[in-house]
Amino acid sequence: MIREAFRRQYGTDQNARVFRAPGRVNLIGEHTDYNLGFVLPVALDLACYVAAAPSHDGRVHVYSEQKHESRDWLAAASGDLSPVHNWSDYPAGVARELARAAYCIDPQSLLIHSTVPEGSGLSSSAALEVSCALALLGDQKIQPLRLAELCRAAEGRFVGTPCGIMDQFVSVFAREHSALLIDCRSLEGQPVTLPDNIEILAVNSMVKHALGQSAYKQRTEECAAAVESFRHADPAVSSLRDVTVALLEKVSPSMPHMIARRARHVVTENERVTLFVNAAGRCDIERMGELMVESHVSLQHDYEVSCEELDFLVDTAIGIDGVLGARMTGGGFGGCTVNLLHKGAGSRFRNEITAEYRDRFNITPQIVECHPAGGAAELKNSERSPDPAALSR
Ligand code: GLA
């Protein structure tokens with residue numbers, strides 16, 4: 001139990017409270033969130049757990065079970081923290097954003113244990129931010145949307161990754177047994193029931209190319225440049241969300257080719273999200289699969305955020321019996337693919353994709369079953385926290 005790990009670390013018998021925030025897999029709608037478009041993630045039962053109890057030295061202590069590292073600071077000075085460029089910037093950044101938003105950061109000790117694989121594109125950072133935010137807030141009330149926004153601000157302003165709202169939003173708002181359609185402009189989420197004759201599996205390529213970080217920022221800049229071009233043609237355009245396929249076709253021939261391709265990805269991807277949700281509504285699982293493959297091709301060629309390993313996993317997956325569709329998920333340049341399968345096709349898929357990937361790259365991929373889980377919350381005493389075996393060193 002995480003509470004036992006807490007006692008081991010902090011040597012106190014005090015009853016620690018435990019908070020959980022899930023990671024996610026995005027079914028479709030990639031690189032659309034910061035363009036104020038649509039996304040359709042599913043929260044996972046992989047999650048970050050934080051045990052917390054008051055400390056008596058005026059300081060906030062954070063300890064990571066994975067890293068075996070800690071950091072501490074004066075609780076009253078939480079608003080003045082600066083980044084030190086490691087994992088602890090996530091909890092520290094959240095503390096700073098909460099303090100600056102006039103929430104009270106009390107002296108306390110936090111023990112962090114995450115089951116979301118880091119760097120896998122399954123949103124380990126949002127799970128860390130949201131679970132730490134809940135722990136740091138304790139009994140203070142916060143609007144769920146404010147919670148998601150402050151966690152995103154911690155990642156953008158403190159850690160320095162200019163991400164969209166998808167990961168933090170779904171970690172807060174997810175509903176069990178459903179995907180979540182998020183309108184990233186109105187910031188509304190709508191649960192989407194998925195057909196029950198499917199399985200969703202994520203395949204972790206186990207690679208993370210360094211290029212990803214700089215490319216993400218570059219894509220946000222390229223999208224901003226595209227918006228400028230569209231605005232000349234139609235002053236009502238304030239984000240790529242406002243661009244229709246008709247406007248795209250009219251304006252893009254006069255734009256630099258690369259910028260036009262970036263825009264084409266975002267505009268068509270927003271359409272694919274809507275088509276995917278409609279297909280899910282009529283249980284057209286073949287169409288859902290096709291749209292995922294179209295999304296991947298667009299990310300690969302127009303948005304250029306895929307990589308050799310992800311392309312191989314997608315190409316291999318769609319040749320396996322029972323697979324309806326596959327695509328890269330998350331920011332790209334490594335991490336996971338998400339695969340839509342006929343129910344019951346999972347074990348064959350697992351074996352084949354593992355063998356093929358090993359053959360080609362000499363790497364064993366990690367396969368994650370994706371069962372839509374609920375959003376972040378405090379765990380009741382009776383609820384299960386991660387396996388003690390996973391927590392013992
Ligand atoms: C990362 C970001 C998200 C989103 C995806 C791409 O996961 O954190 O906000 O932009 O990339 O869809």
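Me: What makes a residue nonpolar, charged or polar here?

Reply: Met, Tyr and Cys are among the residues that count as nonpolar, Asp, Glu, Lys and Arg count as charged, and the others, Gly among them, count as polar. In this predicted model, the shell around the ligand has four nonpolar, four polar and four charged residues.

Me: Which residues are around the ligand?

Reply: They are R24, E30, H31, D33, Y34, C163, G164, M166, D167, Y216, G330 and G331.

Me: What makes the pair of D33 and the ligand a polar contact?

Reply: The cut-off for N or O atoms is 3.5 Å. A polar side-chain atom of D33 lies 2.5 Å from a ligand oxygen, so the pair counts. Y216 also places a polar side-chain atom 2.5 Å from an oxygen of the ligand. G164 uses a backbone N or O atom, 3.0 Å from a ligand oxygen. The protein covers 91% of the 300 Å² of accessible area that the ligand has on its own.

Me: Where does the ligand sit?

Reply: The ligand is in the largest pocket.

Me: Why is the pair of D139 and R17 called a salt bridge?

Reply: The limit is 4 Å. The closest N and O atoms of D139 and R17 are 3.0 Å apart, so the pair qualifies. D139 is in the loop between α3 and α4, while R17 is in strand β1, 122 residues apart.

Me: How many salt bridges are there by this rule?

Reply: The count is 27.

Note on methods. Residues numbered from 1 in each chain as written. Predicted model: local features only at pLDDT ≥ 70, side-chain atom pairs only at ≥ 80, totals over all residues. Heavy atoms only, no water. Near = heavy atom within 4 Å. Polar contact = N/O pair within 3.5 Å; in protein donor to acceptor, adjacent residues only side chain to side chain. Areas by Shrake-Rupley, 256 points an atom, 1.4 Å probe, with all protein chains shown as cover. 1 Å grid on protein atoms, 1.4 Å probe; cavity = no way out; pocket = protein on both sides within 12 Å on 5 of 7 lines; lining within 4 Å. Sits in = over half its atoms within 2 Å of the grid points. Salt bridge = Lys/Arg side-chain N within 4 Å of Asp/Glu carboxyl O. Helix = DSSP H or I, 4+ residues; strand = E, 2+ residues; numbered from the N terminus.
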